[in-house]
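Here are some notes to read beside the model. They cover internal spaces first, then an open pocket, then a single residue.

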Amino acid sequence: MNTKYLDLLAQKYDTEEKVVTEIINLKAILNLPKGTEHFVSDLHGEYQAFQHVLRNGSGRVKEKIRDIFSGVIFEKEIDELAALVYYPEEKLQIIKNDFNQDEDLNEWYKKTIKRMIKLISYASSKYTRSKLRKALPNQFAYIIEELLYKTEESGNKEQYYHEILEQVISLGQADKLITGLAYSTHQLVVDHLHVVGDIYDRGPEPDKIMEELINYHSVDVQWGNHDVLWIGAFAGSKVCLANILRICARYDNLDIIEDVYGINLRPLLNLAEKYYDDNPAFRPKTQADKKTSEEEIVQITKMHQAISMIQFKLESPIIKRRDFFNMEERLLLEKINFDSNEITLNGKAYPLENTCFSTINPKQPDMLLEEEQQVIDKLLFSVQHSEKLARHMNFLMRKGSLYLRYNGNLLIHGCIPIDENGDMEKMEIEGKDYAGRELLDRFEQYLRYSFAHPEETDDLATDMVWYLWTGEYSSLFGKRAMTTFERYFIKDKVTHKEIKNHYYHLRENEETCEKILTEFDLDPEHGHIINGHTPVKEIEGENPIKANGKIIVIDGGFSKAYQSKTGIAGYTLLYNSYGMKLVAHKHFNSKNEVLHDGTDVLSVKRLVDKELERKKVLETNVGEELCQEINILKNLMEYRYMK
């Protein structure tokens, strides 16, 4: 090994005893049960529902409460304790309002703190004391550890433990201690969170989801197509930015752009007011819990048209300069007969309706007006100078990837492009063919380059980010073409159809899944593909567990826009040392229902895969890293001996 590295390491482990102690510690950790992984996908800005799933650990919190207290306390008390763990600040206020006497409240405090200490003890039983200590609130770590490890055999310290609780309560610290215990429980119940794509778009609060993830103790993200759109906009792609604004306008979410990220939309509104009128095809999908006036709806409708036309114009130059994208058929503005108001697709003419072509020059249909160019330039400048957006996008880049190989499983938002035989489809990029894992790695290289060079707005890397959103061989899109234009302007729904990659029907085949796992150097016998992106229509009998358990699709409709089609409100997946369980979620109405009624939003759990032997840390990605650390420490011992 590099002797300079070993010399640096020796500064931390400056005695043989320290090296030996660390090796013993790491070796012992390898034999602990693996921690619980929690998988979520396609959150689409639905912060309230996501926050609840995060806090209840997809049912793991209440499971553990029942394990300890079932048959010991009433079911109502179990519900109350669970709600207290989920939302400690709010539940404490409700409970305290029910007490008239301080003595009664103090007795409740003592009883509740003891129960939560038992819960912490149970939830942390497979962790080291060191890991538990890191999960505890700093200001109460000493107190909690004393209560956790108390012994009552002799009774010598009973008064000592009693006095700890008395002083916590009398000094007004009980609420803070209970709150700290609740948040520690969240961290102990779920060891690691995987977000399998699509945090952004459609729903109203993706920024709050991002803040939650930034502060989460252990998380990774597999980028979804909507996430890449936001990353692309921040990286300098004007067409990605136009897509974001169009989607926000479509779902009445422009306040995310203006109020949350501080991006001034006045230039776009001024352009829209000048050139566009009300148009039924561009009216926003209003949210039931949001009051939008008729005047605001008309304004959004006009802005929706303005940014859509900018988007369609910006797409054309990319398609023309990147012939290997093979998207010439998407040069739709050039296929319009503006005299007859028709468009010719695949040799057939279709009448256009609800058109808004006032800014188009029929002789140069993809040319931006000077005003349009100024608007998109100003918007891009604002996007790239939004401090909050910069923090969120940097987090996505730091914690994200197009796919992840983790504990023997392949996590990917969309698909692996394959042909009708299940073989990896090839895409030629700059004269070289890429397929399978190599293609996805190449896509990610372009995305990371584009993000690192935001000043380059028309380079191949930035164009490739847009391709990830809409290209045929993109693992995030996985369709022949995106028919946004057709949905706005053509009544015939035949033109709206988006032909999916063969992956989406061949993934029902076990052999295909095994071939994909092999492509990513994973064990085809024991590995799984964990997928998002396509909502599972459980209401129609579709099974999210496919190919004899080889693939699990966990997009069940967190987004309210999909729930009428799926019949549920999302899937999540739990993977602990005993195996995998899929959890379906009912529609989340409000936090108040949980706080006041003790209701939850879980339905039946389905066993995906059961471990024959309880899986240990040794068999995980973390275990692999620990083994590498052990080898380095052994090298350090040998190096010292040689010196």
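1. How much space lies in the largest cavity? The answer is about 120 Å³. Keep in mind that this is a predicted model. The search covered the whole structure and found 5 cavities of 30 Å³ or more.

2. Next, the walls of that largest cavity. Three elements each give two or more residues to the lining: helix H17 (294-321), helix H21 (460-470) and helix H22 (484-489). H17 gives the most, with 4 residues. The lining includes Gln311, Phe312, Glu315 and Ile319. Also among the lining residues are Trp466, Thr470, Thr484 and Phe485. Met327, Arg330, Leu332 and Met482 belong to the lining as well.

3. What is the chemical make-up of this lining by class? The largest cavity is lined by 7 nonpolar, 3 polar and 2 charged residues.

4. The second largest cavity holds about 70 Å³ of space. Its lining includes Phe325, Asn326, Met327, Glu329 and Arg330. Thr470, Gly471 and Glu472 are also among the residues that line this cavity, and so are Arg480, Ala481 and Met482. Look again at Met327, Arg330, Thr470 and Met482: they line the largest cavity and also the second largest cavity.

5. By class, the lining of the second largest cavity divides into 4 nonpolar, 3 polar and 4 charged residues.

6. Now the second largest pocket. Its volume is about 1,000 Å³. The lining has 33 residues, and the closest to the pocket centre are Lys131, Asp191, Val617, Val622 and Leu626. Elements that give two or more residues to this lining are helix H2 (16-29), helix H8 (129-135), helix H11 (174-189), strand E8 (403-406) and helix H27 (621-642).

7. Which element gives the largest share of the lining of the second largest pocket? That is H27, with 5 residues. By class, the pocket lining has 11 nonpolar, 12 polar and 10 charged residues.

8. Last, one residue to find in the view. Threonine 185 has its place in helix H11. H11 also gives two or more residues to the lining of the second largest pocket.

9. Is threonine 185 buried or exposed? Threonine 185 counts as buried, because its relative accessibility is 1% and the cut-off for buried is under 20%. Leaving aside residues up to four places away in sequence, threonine 185 touches Val85, Leu119 and Ile120.

Notes:
Residues numbered from 1 in each chain as written. Predicted model: local features only at pLDDT ≥ 70, side-chain atom pairs only at ≥ 80, totals over all residues. Heavy atoms only, no water. 1 Å grid on protein atoms, 1.4 Å probe; cavity = no way out; pocket = protein on both sides within 12 Å on 5 of 7 lines; lining within 4 Å. Points joined across faces, edges and corners; volume = space filled by probe spheres on them. Nonpolar A, V, L, I, M, F, W, Y, C, P; charged D, E, K, R; others polar. Buried < 20%, exposed > 50% of the residue type's maximum accessible area, 1.4 Å probe, protein only. Contact = heavy atoms within 4.5 Å.
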